[in-house]
Amino acid sequence: MPLTVSDLPAPRMNVAGAKQRLDLAGLPFVFFADDTTGRGNVLYHDGRYGLISPSG
């Protein structure tokens with residue numbers, strides 16, 4: 001599977017905004033920068049929602 005790299009910055013949003021984007025787009029996951037911390041997060045849905053966020 002080829003790797004695609006985007007030059008666009010990650011969208012800045014909170015978890016609620018990421019969930020809305022995930023649900024509307026029907027995607028399995030969404031990568032976003034937390035609008036408070038600026039750090040990258042992944043929200044996913046595989047029957048239940050899960051959040052991968054940096055520790056500390």
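The following exercises, each with a worked solution, concern the fold of a predicted model.

Residues are numbered from 1 along each chain as its sequence is written. Local features in this predicted model need pLDDT of at least 70, side-chain atom pairs count only at pLDDT 80 or more, and totals for chains, interfaces and linings use all residues, while side-chain values use heavy atoms, with hydrogens and water left out.

**Exercise 1.** Determine which secondary structure elements the protein contains and the pattern they follow along the sequence.

*Solution.* Step one is to list the elements, where helices (H or I, at least four residues) and strands (E, at least two) are DSSP runs numbered from the N terminus. The protein has one helix and four strands. Step two is to read along the sequence, which gives the pattern β-α-β-β-β.

**Exercise 2.** Describe both ends of helix α1, beginning with the contact at its start.

*Solution.* Helix α1 spans residues 15–25. At its start, a side-chain oxygen of Asn 14 lies within 3.2 Å of the backbone nitrogen of Ala 16. After α1 comes Gly 26, with a positive phi near 70 degrees.

**Exercise 3.** Establish the strand order of the sheet and identify its edge strands.

*Solution.* Two strands pair if DSSP finds at least two bridges between them. The four strands form an open sheet in the order β1-β2-β3-β4, with mixed pairing. The edge strands are β1 (12–13) and β4, each of which pairs on one side only. In general, strands of a sheet pair through backbone hydrogen bonds, either parallel or antiparallel.

**Exercise 4.** Trace the pairing of β3 with β2 and with β4.

*Solution.* Consider β2 first. Strand β2 (residues 29–34) runs antiparallel to β3 and is joined to it by five bridges; Ala 33 has Gly 40 in β3 as its bridge partner. Next, β3 (residues 40–45) pairs with β4 (residues 49–52) in the antiparallel sense over four bridges. Here His 45 has Tyr 49 in β4 as its bridge partner. The hairpin of β3 and β4 has three residues between the strands, and Gly 47 in this hairpin takes a positive phi near 100 degrees.

**Exercise 5.** State what share of the residues is buried and how much surface is accessible.

*Solution.* Buried means under 20% relative accessible area (1.4 Å probe, protein chains only). Of the 56 residues in the protein, 18% are buried. The accessible surface (Shrake-Rupley method, 1.4 Å probe) comes to about 4,400 Å², and 58% of it belongs to carbon and sulfur atoms. Finally, the C-alpha atoms fill a box of roughly 30 × 30 × 20 Å along the principal axes.

Note on methods
Buried means under 20% relative accessible area, exposed over 50%, partly exposed in between (1.4 Å probe, protein chains only). A polar contact is a pair of N or O atoms within 3.5 Å; within protein, one must be able to donate a hydrogen and the other to accept it, and residues adjacent in sequence count only if both atoms are side-chain atoms.
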